[in-house]
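User: Hey, I've got a protein model open and I'm a bit lost. Can you walk me through it?
Analyst: Sure, here it is.

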Amino acid sequence: MAVLALSTPAHAGAQTLLYTNGFEGNQLNSWDHVTGDDAQAGFEINTGTADTGQNNGWLSARQGWAREGTWAAIDGITRNSTCTARIWVRPQDTVGFALRVWDSKGTKLGETVPRLYPSTYYQSVTTPAWSPQGNTGVFVEAVISSYDGTTRTVRIDGLSVDCTI
């Protein structure tokens, strides 16, 4: 009599969605927006421009920089966890876009800086894996800049932080 044994591969860690913010309801209040020179940043409420839900953020710069950021609670993970941050972006123009993650001491934990091209659709921008280094909260920011006199604008929506524990 033959015995058939089946096994499933072991997982290195469980993927856990720890934080989301889609600019909806009270989530909108947790975003700050800071600009330099002639840049602008703000929110669109019930305009039909969001990726999901009703609201989204936007950044625009011609001679300067614009940033929107928020604190993400990542409680319950271990020091050896790895995390990624993801946001959905809809560029109106060709733009250098940065998604950065910081701890409360100002140490950069993660970053991606892709060049984005105009699109009628939102696209996902995700940081490479980073270590939370024992932090229970991180600051995640979306940043654009332009210094050549060309206006560059992006819409942002649906921030999430995922960690493997």
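User: Okay, how many helices and strands are there in the protein chain?
Analyst: The chain has zero helices and 12 strands. Read along the sequence, the pattern is β-β-β-β-β-β-β-β-β-β-β-β. Keep in mind that this is a predicted model.

User: Got it. What size of box do the C-alpha atoms fill?
Analyst: Roughly 75 × 40 × 30 Å, taken along the principal axes.

User: And how much of the chain is buried?
Analyst: Buried residues are 44% of the 165 residues. As for the outside, the chain exposes about 8,600 Å², and carbon and sulfur atoms supply 50% of that.

User: What about contacts between residues that sit far along the sequence from each other?
Analyst: Take the contacts with a separation of 6 or more: 75% of them are between residues 24 or more positions apart.

User: Let's go inside. Which residues in the largest nonpolar core touch the most other members?
Analyst: That core has 33 residues, and the ones touching the most other members are Ile87, Phe97, Trp130, Val140 and Val161. Strands S4 (55-61), S5 (64-73), S6 (82-91), S7 (95-102), S11 (137-146) and S12 (152-164) each supply at least two residues of the core. The largest share, five residues, comes from S12.

User: Trp130 sounds fun. What is it in contact with?
Analyst: Leaving aside neighbours within four places in sequence, Trp130 is in contact with Ile74, Ser81, Thr82, Cys83, Thr84, Ala85, Val101, Leu109, Gly110, Val138 and Val161. Val161 is also on that list of core residues touching the most other members.

User: New topic: where is Phe23 found?
Analyst: Phe23 is in the loop between strand S1 (15-21) and strand S2 (32-37).

User: Is Phe23 buried or exposed?
Analyst: Phe23 counts as buried because its relative accessible area is 0%, and the cut-off for buried is under 20%.

User: What does Phe23 touch, then?
Analyst: Not counting residues up to four places away in sequence, Phe23 touches Leu28, Trp31, Phe43, Asn55, Asn56, Gly57, Glu68, Ile156 and Asp157. Take Ile156: Phe23 and Ile156 are 133 residues apart in sequence, with their C-alpha atoms 9.2 Å apart in space.

User: Asn55 is in there too. Where is the place of Asn55?
Analyst: Asn55 is in strand S4. Asn55 is buried, with a relative accessible area of 7%. A polar atom of the Asn55 side chain lies 3.0 Å from the backbone oxygen of Phe23, and the Asn55 side chain also reaches the backbone nitrogen of Asn46 at 3.3 Å.

User: Who else is Asn55 in contact with?
Analyst: Beyond neighbours within four places in sequence, the contacts of Asn55 include Gly22, Glu24, Gly25, Glu44, Ile45, Ala50 and Asp157.

User: Hang on, what's up with phi of Asn46?
Analyst: Phi of Asn46 is near 55 degrees, which is a positive value in a residue other than glycine. Asn46 lies in the loop between S3 and S4, and Asn46 is exposed at a relative accessible area of 53%. Asp37 has a positive phi as well, near 60 degrees. Asp37 is found in strand S2 and counts as exposed at 64% relative accessibility.

User: Back to Glu44. Is Glu44 buried or exposed?
Analyst: Glu44 is buried, with a relative accessible area of 15%. You'll find Glu44 in strand S3 (residues 40-45).

User: Which side chains does Glu44 make polar contacts with?
Analyst: The Glu44 side chain has a polar contact of 2.8 Å with the side chain of Thr49 and one of 2.6 Å with the side chain of Arg155. Without neighbours up to four places away in sequence, the residues in contact with Glu44 include Gln54, Asn56 and Trp58.

User: How many charged side chains are there, positive and negative?
Analyst: There are 11 positive and 15 negative side chains, and the centres of the two sets lie 5 Å apart.

User: Last one: where does Thr94 lie, and what does Thr94 touch?
Analyst: Thr94 lies in the loop between S6 and S7. Thr94 counts as partly exposed, at 23% relative accessibility. Thr94 touches Arg115, Leu116, Tyr117, Pro118 and Arg152, not counting residues up to four places away in sequence. As for Ser30, 64 residues from Thr94 along the chain, the C-alpha atoms of the pair are separated by 28 Å.

Conventions: Residues are numbered from 1 along each chain as its sequence is written. This is a predicted model: local features need pLDDT of at least 70, side-chain atom pairs count only at pLDDT 80 or more; totals for chains, interfaces and linings use all residues. Side-chain values use heavy atoms; hydrogens and water are left out. A nonpolar core is a set of buried Ala, Val, Leu, Ile, Met, Phe, Trp, Tyr and Cys residues joined through side-chain atoms within 4.5 Å. Buried means under 20% relative accessible area, exposed over 50%, partly exposed in between (1.4 Å probe, protein chains only). Helices (H or I, at least four residues) and strands (E, at least two) are DSSP runs, numbered from the N terminus. Contact means heavy atoms within 4.5 Å. A polar contact is a pair of N or O atoms within 3.5 Å; within protein, one must be able to donate a hydrogen and the other to accept it, and residues adjacent in sequence count only if both atoms are side-chain atoms. Accessible areas come from the Shrake-Rupley method with a 1.4 Å probe; for residues, only the protein chains shown count as cover. Lys and Arg count as positive and Asp and Glu as negative; His and the chain ends are not counted. The place of a charge is taken as NZ of Lys, CZ of Arg, CG of Asp or CD of Glu.
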